[in-house]
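Me: Please take a close look at one hairpin in this structure and the sheet it belongs to. I would also like to see what else is built from paired strands, and how the ligand is surrounded.

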Amino acid sequence: MATSLSTPKLSTTLSSPTFHSLYKTKLSNFSLSKPLLYNCVINPRSRASSLCYGRRFAITRAETSFTNGAEPPRQYDFDLFTIGAGSGGVRASRFASNFGASVAVCELPFSTISSDSTGGVGGTCVLRGCVPKKLLVYASKYSHEFEESCGFGWNYEAEPKHDWNTLIANKNAELQRLMGIYKNILKNANVTLIEGRGKVVDPHTVDVDGKLYSAKNILISVGGRPFIPNIPGSEYAIDSDAALDLPTKPNKIAIVGGGYIALEFAGIFNGLTSEVHVFIRQKKVLRGFDEEIRDFVGEQMSLRGIEFHTEESPQAIAKSADGSLSLKTNRGTVEGFSHIMFATGRRPNTKVDEYSRTSVPSIWAVGDVTDRINLTPVALMEGGALAKTIFAGEPTKPDYRNVPCAVFSQPPIGIVGLTEEQAINEYGDIDVYTANFRPLKATISGLPDRVFMKLIVCAKSSKVLGLHMCGEDAPEIVQGFAVAVKAGLTKADFDATVGIHPTAAEEFVTMRTPTRKVRSSPSEGKAEHDTKAATGV
Ligand SMILES: Cc1cc2nc3c(=O)[nH]c(=O)nc-3n(C[C@H](O)[C@H](O)[C@H](O)COP(=O)(O)OP(=O)(O)OC[C@H]3O[C@@H](n4cnc5c(N)ncnc54)[C@H](O)[C@@H]3O)c2cc1C
């Protein structure tokens, strides 16, 4: 089966699959003769010449021909065997079962920290990603809110104190509750849950801790795991799994990485009053995001006390006699850290076609393991599309156009559609509307908080191509506007919408004058940059 993708494949380098992957388009030329083999062990029981183990799977020509030939009709234990009960695996299994398939899913035993032998039903999102991260974001926001409240007349007899153990215990109780809900979802959908580590033995056989199961289709949805680069002293570093479940709150933490996970954790620990240093290889954070958003969020986070060390790559970590850690970079050494966290990437990777099929026709893959857009709602979309394709007779391609996303930094970011740079490349002539203002709340709180909003409009069709916001509630606001952008609405539709006053969101429907008009056509001369003051009146 052809493995080169006919739709743009969104991808990143292995070392930093951040949200950048949302925007960097690349065609993957997966060749059957070059298996993407990683941590692969040959299983003597296997009939196929190359096997797929662990979180990386290799599909070889031998396996392809195994199934391409006239395979005799066969009875299987299951119609679908899913390896990994995270977002994508649970969604695909549940939907497949609803379409009448007999389905089993295997998942590693629970732990808050993932490893080769631990995981848990619910996967990264529920246990080590979106959910625990957002709970910690909520916890960390209070310090800023306490500060804001003073201008509104609140004062505190004593400085509010935070108890880390309460937070972590409550967070873990919530994770247990959610894991129970996920197990019930599978049970209610008649999906057989098997605890253990799944390994693909051949195109129709999965080994779970020594027990073999046959299946007409196998789904690989094993996600990814955080990755710490191998530098001297890397054994002292922690990853995002550990950072979400630390026994004590860091006093002073170094966060290495400029992607969304790094920024979110920087905001969490800053809000919880740790001293936070962020080390990034580049000049700016959030590679792949709109340039103005990158600048704006960096400035706002700096104003909240986070120290950014730009163009600094980690070279070594050392532990001193008092137990504190120092981080040596290409530019010098910063000492006195209680923790050093790496948020430099996660390991994927299996190649699939646009229907999530690998080069072996009976083996499919969805979610982060395929390294397309590494977000929970995308894994859900891929899982649902896969179940429809195989079991509902409706070949369905996931639709990657205008996938909105958020960064839960402080202030947070919400985006949908193209960046200004992408819009210029794709459409040439665009009108850009921006607003950079002090929100009403900051007038009385006295804090230096600002909001940045941006609309990118196709000059020819007037279609809104991109919508970006950094400021309080940006993810909630942009989720709503994402419907409009996905529906292909025009600037005129935005203008015709009455605002909700007084909100920051109303700015998106009251931006009247372009901040700049970018024109590439020689007949219209050079790029034109008309500037306006964003009064919003
Ligand atoms: C810190 C962090 C924050 C994030 N925040 C967000 C966010 O705010 N919004 C968002 O949309 N996305 C976020 N993500 C990304 C999101 O969590 C993932 O995109 C999503 O979980 C991918 O789902 P999945 O099904 O592909 O994989 P996973 O959810 O990772 O599930 C894979 C499952 O497979 C299991 N497994 C692995 N190997 C085996 C095996 N051999 N046998 C059996 N089971 C196995 C694992 O234990 C795991 O449970 C975040 C990720 C991280 C790390």
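Reply: In the hairpin formed by β13 and β14, five residues lie between the strands, and Gly323 takes a positive phi near 90 degrees. The model is predicted, and the description that follows should be read with that in mind.

The two strands of this hairpin, β13 and β14, run antiparallel and are joined by five bridges. One residue pair can be picked out by name, since Ile317 stands opposite Leu327 in β14. Leu327 appears again on the other side of the pairing, where Leu327 stands opposite Val334 in β15. A second facing pair between β14 and β15 is Thr329 with Gly332.

The link from β14 to β15 is also a hairpin, here with two residues between the strands. Strand β14 covers residues 325–329 and strand β15 covers residues 332–337, and the two run antiparallel with four bridges between them. Taken together, the three strands make up an open sheet whose order is β13-β14-β15, with antiparallel pairing. Because β13 (314–319) and β15 each have a single partner strand, they stand at the edges, and one side of each is left without a neighbour in the sheet. From one strand to the next, the twist of this sheet averages 20 degrees.

Another sheet of paired strands can be set beside this one. Six strands, in the order β19-β20-β23-β22-β21-β24, form an open sheet in which the pairing is antiparallel. Its edge strands, β19 (405–407) and β24 (516–518), each pair on one side only, and the twist from one strand to the next averages 15 degrees. Within this sheet, β22 (residues 451–458) and β23 (residues 464–470) run antiparallel and are joined by six bridges, and Val457 has Val464 in β23 as its bridge partner.

As for the ligand, 37 residues surround it, and the closest are Gly88, Glu107, Thr124, Lys133 and Asp368. By class, the shell divides into 13 nonpolar, 17 polar and seven charged residues. Each of domain 1 (78–224 + 348–392) and domain 2 (227–344) contributes at least three residues to this shell. In terms of secondary structure, at least two shell residues come from each of α2 (87–98), β4 (103–107), α3 (123–127), α4 (130–150), α7 (260–271) and α9 (376–391).

Which backbone atoms does the ligand have close to its oxygen atoms? A polar backbone atom of Cys125 is 3.3 Å from an oxygen atom of the ligand, and a polar backbone atom of Leu375 is likewise 3.3 Å from a ligand oxygen. For Asn374, a backbone N or O atom lies 3.4 Å from an oxygen atom of the ligand. On its own, the ligand has 1,000 Å² of accessible area, and the protein covers 97% of that.

Definitions and conventions:
Residues are numbered from 1 along each chain as its sequence is written. This is a predicted model: local features need pLDDT of at least 70, side-chain atom pairs count only at pLDDT 80 or more; totals for chains, interfaces and linings use all residues. Side-chain values use heavy atoms; hydrogens and water are left out. A residue is near a molecule or strand if one of its heavy atoms lies within 4 Å of it. A polar contact is a pair of N or O atoms within 3.5 Å; within protein, one must be able to donate a hydrogen and the other to accept it, and residues adjacent in sequence count only if both atoms are side-chain atoms. Accessible areas come from the Shrake-Rupley method with a 1.4 Å probe; for residues, only the protein chains shown count as cover. Ala, Val, Leu, Ile, Met, Phe, Trp, Tyr, Cys and Pro count as nonpolar, Asp, Glu, Lys and Arg as charged, and the others, Gly among them, as polar. Domain bounds come from an automatic or database domain assignment. Two strands pair if DSSP finds at least two bridges between them. Axes are lines fitted to C-alpha atoms, for helices over the stretch in contact, and angles run from 0 to 180 degrees between N-to-C directions.
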